[in-house]
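Trainee: Could you take me through the nonpolar core of this one, slowly? I'd like to see how it ties in with the rest of the fold.

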Amino acid sequence: MLIGVTGGAGFIGSHVVDALLEVGHRVRVLDLRLPHREDVEFQQVDVRDREALLEATRGLNVLFHLAAVADVEEVSRDPISAMVANVGGTVCALEAALRNEIGRFFLASTVWVYSSLAGEGPAHEESPFSVSAPRHIYTTSKLAAEMLCHDYGHRYGLPVTVLRYGIPYGPRMRPALVIPTFVRRALAGEPLLVAGDGTQSRRFLYVGDLARAHVLALAPRAIGQTYNLDGAEPVTILRLAEAVRRLTGSCSAIQFVPERGGDYRGHETSSDKARRELGWEPQVDFDTGLAITVRWLIEHSPPPGRRP
Ligand SMILES: NC(=O)c1ccc[n+]([C@@H]2O[C@H](COP(=O)([O-])OP(=O)(O)OC[C@H]3O[C@@H](n4cnc5c(N)ncnc54)[C@H](O)[C@@H]3O)[C@@H](O)[C@H]2O)c1
């Protein structure tokens, strides 16, 4: 199959591209910037440009739509641009998929949609949440994009699937995220800044495992479905900081600082549906995935004196 990946030059998209190629699909990357490998088709296209996207998606059998403003700090700084890219870009991608009769459409969403969930227990795909609850504008953009997918599914019969990602990590991750930040500071001998008391945990998900879920979600039974794709193991930020110190051989101190407002509080999420229906579960444990990631970050760290 010929599969398009918008945002295929980004962190997650590049691993989705690798996973699709590995099982024998042909891939076309649709992005503003060049992909990380040369054995793919490439269309330099802005997903906000509906005519250009319509043209660039001709002939595709499947479209994975990952292009977005994914950095929540960037969304806070410029919410209008983020909404235009994340919501406007999604409707352009859906419209292109519909008009080009693309057989499957996948949206990259997030488990942050559960941040406003009331009550205890792990969130599952049908857990209700309120539109008036406080959440990040980034999350609102993803919820709006999900709703658009269902509109195109129900109104026009477009075969859509929504994938709600947990917190992925791995090679090529963005430098501003917590793991690269810790590694950078550890290598520079600077203190690792831990918000709050560090006991808050995250289910980090190795990006290779997340990418593999995209291949499995090509199964016809995923049409019209939403899947949580979260990490298996809760890891506290303190454990992460200590592991980074160990893996880098750093003597950096761990320093506790006040929590930032708007951080995702980490509602427990169940990925049982993906396990049951797609046969997906994470295979790379945190210690292994972190060691791979730290090694990659060290190999790709800028020369001393230059900050990324
Ligand atoms: N990284 C995470 O923690 C995380 C978690 C949940 C969901 N997601 C979602 O997964 C997707 C990929 O995230 P990522 O972490 O790989 O982000 P990323 O920033 O590494 O990649 C995004 C890619 O989209 C491209 N892009 C952005 N705007 C574009 C536009 N207007 N036209 C064409 N291309 C454009 C960028 O050039 C980049 O290559 C996003 O939709 C993001 O919201 C990410």
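**A close look at the core**

Mentor: Sure. Keep in mind that this is a predicted model. The largest nonpolar core has 53 residues, and L20, F64 and I179 are those with the most contacts inside it. Helix 1 (residues 11-22) supplies the largest share of this core, seven residues. The core also takes in both domains: at least three of its residues come from domain 1 (2-168 + 206-229), and at least three from domain 2 (170-202 + 233-264 + 283-299). As background, nonpolar side chains in soluble globular proteins tend to be buried together.

Now zoom in on I179. If you skip its neighbours within four places in sequence, I179 is in contact with Y169, M173, F204, L240, L290, T293 and L297. There's also a second, separate core, with 26 residues, and L60, L107, L158 and V162 are among them.

Let's step back to the domains for a moment. The domain assignment splits the protein chain into domain 1 (2-168 + 206-229) and domain 2 (170-202 + 233-264 + 283-299). Their centres, taken over C-alpha atoms, are 27 Å apart. Where the two meet, domain 1 puts 19 residues into the contact and domain 2 puts in 14 residues.

Helix 1 brings us to the ligand, too. There are 25 residues around the ligand, and I12, D31, L66, Y138 and K142 come nearest. Look at the backbone here: a polar backbone atom of G10 sits 3.1 Å from an oxygen atom of the ligand. For F11, a backbone N or O atom is 2.9 Å from an oxygen atom of the ligand, and for L66 the corresponding distance is 2.8 Å, again from a backbone N or O atom to a ligand oxygen. On its own the ligand would expose 830 Å², and the protein buries 91% of that. Helix 1, strand 5 (104-110) and helix 5 (137-156) are the elements that give two or more residues to the shell around the ligand. Strand 5 gives the most, with three residues.

For contrast with all that burial, go to A176, in the loop between strand 7 (167-169) and helix 6 (178-188). A176 counts as exposed because its relative accessibility is 58%, and the cut-off for exposed is over 50%. Check D71 while you're there: A176 and D71 are 105 residues apart in sequence, yet their C-alpha atoms are 8.5 Å apart in space.

Technical notes:
Residues are numbered from 1 along each chain as its sequence is written. This is a predicted model: local features need pLDDT of at least 70, side-chain atom pairs count only at pLDDT 80 or more; totals for chains, interfaces and linings use all residues. Side-chain values use heavy atoms; hydrogens and water are left out. A nonpolar core is a set of buried Ala, Val, Leu, Ile, Met, Phe, Trp, Tyr and Cys residues joined through side-chain atoms within 4.5 Å. Buried means under 20% relative accessible area, exposed over 50%, partly exposed in between (1.4 Å probe, protein chains only). Helices (H or I, at least four residues) and strands (E, at least two) are DSSP runs, numbered from the N terminus. Domain bounds come from an automatic or database domain assignment. Contact means heavy atoms within 4.5 Å. A residue is near a molecule or strand if one of its heavy atoms lies within 4 Å of it. A polar contact is a pair of N or O atoms within 3.5 Å; within protein, one must be able to donate a hydrogen and the other to accept it, and residues adjacent in sequence count only if both atoms are side-chain atoms. Accessible areas come from the Shrake-Rupley method with a 1.4 Å probe; for residues, only the protein chains shown count as cover.
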